[in-house]
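Biologist: I am new to this one, and I would like to go through it slowly, asking at each step what a given label rests on. Could you show it to me before we begin?

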Amino acid sequence: MPTLGRALILLALAVALYGIVVALVGARKGRRDLVDSSRRAMYALAALTTGAFVLVEAAFVRDDFSWEVVAAQSSTTTPLFYKLTASWATQQGSLLLWVWLLSVWSSLALFLTRKRLRDVVPYATAVLLGFGAFFTALIAFVESPFAVLAVTPADGAGLNPLLRHPSMMIHPPMLYSGYTLFAIPFAFAVGALIRRRVDADWVVATRRFALGAWLLLGTGILLGARWSYAELGWGGYWAWDPVENASLLPWLTGTAFIHSLMIQEKRGMLKIWNASLILATGTLCIFGTFLVRSDVVDSIHAFGASTLGVPFVTLIGVMVVGSVVLVVSRLDALRSEHRLDSLLSREAVFIGNNIALVGIAILVFWGTMLPVITEALAGDRRTVGPPWYDRYTVPLVLILVLLSGIGPVIAWRRATWKNVRRSFAVPIAAFLVALVACVAFGLTSSPLSVVMFCGAAFVLGTVAQEFWRGAVARRAMSGEALPLALVSLVRRNRRRYGGYLVHLGVVVLFVGIAASSAFQDEREIRLTPGQTTTVGDYDVKYVRSTADVSLGDAWVEKIDFGAVLEVRKDGKLVTVQQPERGFYPARDESLGALGQFFEGEATSEVGLKAGLWRDVWTAVQPDVQALEPIWEGADRDFEKVTAPLTPEQRAQVLGQTLNGFVQRYRDRPPPATFRLITSPMVQWMWIGGLIAICGGLIALWPAPDAARRRASARAAARVAQDLGRA
């Protein structure tokens, strides 16, 4: 099976190289048959990488530990869900996932545009196949998931305990889908610039792919934040880690592109800006893929040092230089058809939105790469932490929130003051009500948070007003009941009203971030059973310790040490929590039968009482070092007793020894260190994310039949125009 997998990848590489050649030759010679052949090469690439991916997945499901990736990331005791998703926890498997998703999404894009943009598509196909050739070459010659071990182990090492969380296993496919979907508008932008087709046609053809990329990438980022909050045991959801930042960068520039492309569609403006934005976004997607596979920056999310640095840096360099050359050489064709008529217009608001988004992206990039820059210039790696990012990004985020409330209702080209007063009366009233409420509830200790809350109320007022006005107008025209009129309104204007929901969701998410950051109460304290401490308005009592041994099929999987905590407010019991810390063995018998558990991976299972208005979050750090003399003595006795025993008998004795060890911990536990946090409105982050996802899905959903017929008529006219050009 590994041989078949390698053969499929080599064939995929050959198909990708063939497709590049025939696409370029077909474009140069006007050979439609060659262009069609290059499109079919992409279909073949998708089929071949699908076959290779299925082989890897089958090896995980079969527990075939002769495969190196399976032995490294799975075991007989790994649940089926994690076996199916463990392949992308490896360097090799994640590369295969990347190229598989790229080929599938690209096949869909080329199929949908097979009768459009006939002079642009061949070059876009060549670019997409170029990405496919790059990743299949890495898989074939550098990091192969089909490598086999000389000696097949009886069992594998198992999935990294930190990754045993559903959101973390779904997180990579979401990110990679975002990255690979952004490759499509990138490729079409390259083709459009080569052919000097700089009108809005390439934007319209790839708009849904850009929106889908934005949606999936944002979902992946949100899932990563949820994993961090629930699994890592530090109490936060975003640490400005370099790999976190690397995924945020293309999302920021992609968001800017989605907004500014509307100006190019409607007014023929910002052609240089849009081309530069999507070229930068595509490059940042490759940069994010590279950063997680290098030791350029330190990150808990990275795969670690690898041999992929030079190929990725080379590709990024080619993309940067090629993008700059294309844009500069087409400046004459990229001139705007119209100028900005007024600062009081939707165009001006969108431009301000873009400046803020790109400004945040520049700041995040600078902070992420500062260690590399300072080491290159001064020989000293300097880093910046969350306070630095917050200091510079928060003001720009506040500007974004206010602009997201202004943009949907202000007129195109030039707004009159009368129109402004009519459009913004309700949002300004909502802003003022929120301001009064913040003062009344004593929230003025954090002025920036007050601005965020008021800005969110402003956006809510804008969105609610637009939905109400549209539904009332629809009811007047159709005679439908108001709820049905609202549904019909959204159904017939999905892009517009889906966008409103996205704005609302993102702002609600920002409210959750602002509230939980500014008004969080946190305490780290060392307690013994029976002691009580206070965090915020809550009293937390350490009732008793817990300890348990988790058994696998053939060995002890982990040891859990934890605590039972009672959380009370005003004397009333709010919740009973049982945070734990699990210790997994290092699989190194030289460390001792018990000692190996405290030299391997450890994970936190946090206690969480989630609520709309406040989360109570707890984590425990047992003082296992205080137990070291005990386990060292137990290790010596274990070796003496089990020396003549069979492996099965040794495993049985080990289980008995560990049960005695954990019973001793339960009876006479040493003090434990607790991290106790009360955070207001954290749940609004996840609620806001869900609202934004729903809005994005609405905007992506195909239009009703009538609207689709109108779009088909416009598409037919464009096809005729394309044929004339070709």
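Modeller: Here it is, and please keep in mind that this is a predicted model. Let us start with Ser342, which has a relative accessibility of 13%.

Biologist: Why is Ser342 called buried?

Modeller: The cut-off for buried is under 20% relative accessible area, and Ser342 counts as buried because its value is 13%. Ser342 is placed in the loop between helix H11 (309-329) and helix H12 (346-378), and, with residues up to four places away in sequence left out, Ser342 touches Ala348, Arg413 and Arg414.

Biologist: What makes the side chain of Ser342 a polar partner of the backbone nitrogen of Leu344?

Modeller: A polar atom of that side chain lies 2.9 Å from the backbone nitrogen of Leu344, and the limit for a polar contact is 3.5 Å.

Biologist: Moving into helix H12, how do you know that Asn354 is buried or exposed?

Modeller: Asn354, which lies in helix H12, has 2% relative accessibility and therefore counts as buried. Leaving aside neighbours within four places in sequence, Asn354 is in contact with Ala256, His259, Ser260, Trp273 and Leu277.

Biologist: And why is Met262 called partly exposed?

Modeller: Partly exposed covers the values between the 20% and 50% cut-offs, so Met262, at 22%, counts as partly exposed. Met262 sits in helix H9, and its contacts, again not counting residues up to four places away in sequence, are Phe350, Trp412 and Arg495. Met262 and Phe350 are 88 residues apart in sequence, while their C-alpha atoms are 9.0 Å apart in space.

Biologist: What is unusual about the phi of Trp240, and where does Trp240 lie?

Modeller: Most residues other than glycine have a negative phi. Trp240 is not a glycine, yet its phi is positive, near 55 degrees. Trp240 is in the loop between helix H8 (201-231) and helix H9 (242-267), and, with a relative accessible area of 15%, Trp240 is buried. Asp63 also has a positive phi, of about 55 degrees, although it is not a glycine, and Asp63 is found in the loop between helix H2 (32-61) and helix H3 (68-73).

Biologist: How do you know that the length of helix H18 agrees with what a helix of 15 residues should span?

Modeller: At 1.5 Å a residue, the 15 residues of helix H18 (residues 628-642) should span 21 Å, and the end C-alpha atoms are 21 Å apart, which agrees. Among the buried residues of H18 are Trp631, Ala634 and Phe638, and what covers the buried residues of this helix includes helix H19 (647-667).

Biologist: Which residues touch the most other members of the largest nonpolar core?

Modeller: That core has 165 residues, and Leu96, Ile286 and Phe312 touch the most other members. Its largest share, 17 residues, comes from helix H7 (residues 166-194). Apart from this core lies another, of 22 residues, among them Ala547, Ala634, Phe638 and Leu658.

Biologist: What makes Arg114 a charge over the ring of Phe111?

Modeller: Arg114 lies over the face of Phe111, at 3.9 Å from the ring centre, and the distance limit is 6 Å. As for the rings themselves, the structure holds 35 aromatic pairs, and one aromatic cluster is formed by Trp98, Phe134, Phe135, Phe287, Phe290, Phe312 and Phe365.

Methods. Residues numbered from 1 in each chain as written. Predicted model: local features only at pLDDT ≥ 70, side-chain atom pairs only at ≥ 80, totals over all residues. Heavy atoms only, no water. Phe/Tyr/Trp six-rings, centres within 6.5 Å; stacked < 30°, edge-to-face > 60°. Lys NZ or Arg CZ within 6 Å of the ring centre and 35° of its normal. Helix = DSSP H or I, 4+ residues; strand = E, 2+ residues; numbered from the N terminus. Expected span 1.5 Å × (residues − 1). Buried < 20%, exposed > 50% of the residue type's maximum accessible area, 1.4 Å probe, protein only. Contact = heavy atoms within 4.5 Å. Polar contact = N/O pair within 3.5 Å; in protein donor to acceptor, adjacent residues only side chain to side chain. Core = buried A, V, L, I, M, F, W, Y, C linked by side-chain atoms within 4.5 Å.
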